[in-house]
Amino acid sequence: MGSNFPSFTDRAVTEEAVDQFAAPIGHLIIHFAFADQVLDFLLIELFEAGLKRGVETSMPHQLGHKIEIVRKCHRLDPRLNAAAKSIDDALDTIKRWSDVRNALAHGALTHFDDSSEPTLVMGRLRYDKKTSKFGYLDQPVTLADIGQAVDQVSDAVAALHRVVALLMRSDP
C-alpha cells in the first residue's frame, strides 16, 4: 500500500484548496444521503418478501449491504420486472461512486495536488486481505471525480424514486 505522493513531512493543504473542494464535497455527501434514503424506501417496500424467501434475516444498515439486498429483493417482485435493468443500473452507479464518497467522508485530508488537475489526497487505514495486515492508503480524488459522482448519483436516485413511486401506486 505505497504512495506516489510526497512524504507526510512534505505534504500541504492550503485554505484555498479546502475552499475549492468544500461545496462539491458537501453536494456529494448530500446526494449520497438521498441515495441512502431511497434505498431505505425500497427496503420498506421489498424487504418483507426477501425475508420470507430467506434472502436476508435482518434489515441492512450500511450502504453496500442495502444495495446488495435491494438488488436481490427487487427480482422477487413481479411489479418490477420491466424496471429491473433500470434498478440494477442505478444500484451499480451508486456502488461505483461509493468509494469516492467513503474516501471523502471517512478519510483524512492529507495533501492537495494541483500539478495536473485539482486533486485531494485522502488518507485511510485499510485492511489488505493478501497480507492480512492493516496499512495506510492514499486515495486521490479529483474535483472532476466529485462532479461526475454528484451528477450520476443524482440521476440514479431519481431513477430509484420512480421505482418507489411505481411500488406505492401498485401497493396492494
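## The β2–β3 hairpin and its turn

In this predicted model, strands β2 and β3 form a hairpin with four residues between them. The turn includes Ser-132, whose phi is positive, at about 55°. Most residues other than glycine have a negative phi. Ser-132 takes its positive value although it is not a glycine. The residue lies in the loop between β2 and β3, and it counts as partly exposed because its relative accessibility is 48%, a value between the limits of 20% and 50%.

The two strands of this hairpin run antiparallel and are joined by 10 bridges. Strand β3 covers residues 133–142, while β2 spans residues 119–128. One of the pairings links Thr-119 to Thr-142, its bridge partner in β3.

## The β1–β2 pairing

Strand β2 also pairs with β1, which comprises residues 108–113. The sense is again antiparallel, and the pairing extends over five bridges. Leu-109 has Met-122 of β2 as its bridge partner. The connection from β1 to β2 is a hairpin of five residues. Strand β2 is thus paired with β1 and with β3.

## Overall architecture

The chain contains four helices and three strands. Along the sequence, these elements follow the order α-α-α-β-β-β-α. The helices are α1 (15–52), α2 (63–74) and α3 (84–106), together with α4 (143–169).

Taken along the principal axes, the C-alpha atoms fill a box of roughly 60 × 35 × 20 Å. Of the 172 residues, 37% count as buried. Among contacts between residues at least 6 apart in sequence, 64% join residues at least 24 apart.

## The nonpolar core

The largest nonpolar core consists of 41 residues. Within this core, the residues with the most contacts are Leu-28, Leu-42, Ile-94, Leu-104 and Leu-160. The elements that contribute two or more residues to the core are α1, α2, α3, β2 and α4.

Beyond residues up to four places away in sequence, Leu-42 touches Phe-47, Val-70, Leu-160, Val-163, Val-164 and Leu-167. Leu-160, one of these partners, is itself listed with Leu-42 among the residues with the most contacts inside the core.

## Leu-167 in helix α4

Leu-167 is found in helix α4. Its relative accessibility is 0%, so Leu-167 counts as buried, the cut-off being under 20%. Apart from neighbours within four places in sequence, Leu-167 is in contact with Leu-42, Glu-45, Leu-46, Asp-77, Arg-79 and Leu-80.

Leu-167 and Phe-32 are separated by 135 residues in sequence. In space, their C-alpha atoms are 22 Å apart.

## The largest pocket

The largest pocket encloses about 290 Å³ of space. Thirteen residues line this pocket, and those nearest its centre are Gln-62, Leu-63, Gly-64, Arg-101 and Asn-102. Helices α1, α2 and α3 are the elements that each supply two or more residues to the lining.

Helix α3 gives the most to the lining, with five residues. By class, the lining is made up of five nonpolar, four polar and four charged residues. The three helices named for the pocket also appear among the elements that give two or more residues to the largest nonpolar core.

Key. Residues numbered from 1 in each chain as written. Predicted model: local features only at pLDDT ≥ 70, side-chain atom pairs only at ≥ 80, totals over all residues. Heavy atoms only, no water. 1 Å grid on protein atoms, 1.4 Å probe; cavity = no way out; pocket = protein on both sides within 12 Å on 5 of 7 lines; lining within 4 Å. Points joined across faces, edges and corners; volume = space filled by probe spheres on them. Nonpolar A, V, L, I, M, F, W, Y, C, P; charged D, E, K, R; others polar. Core = buried A, V, L, I, M, F, W, Y, C linked by side-chain atoms within 4.5 Å. Buried < 20%, exposed > 50% of the residue type's maximum accessible area, 1.4 Å probe, protein only. Contact = heavy atoms within 4.5 Å. Pairing = 2+ DSSP bridges.
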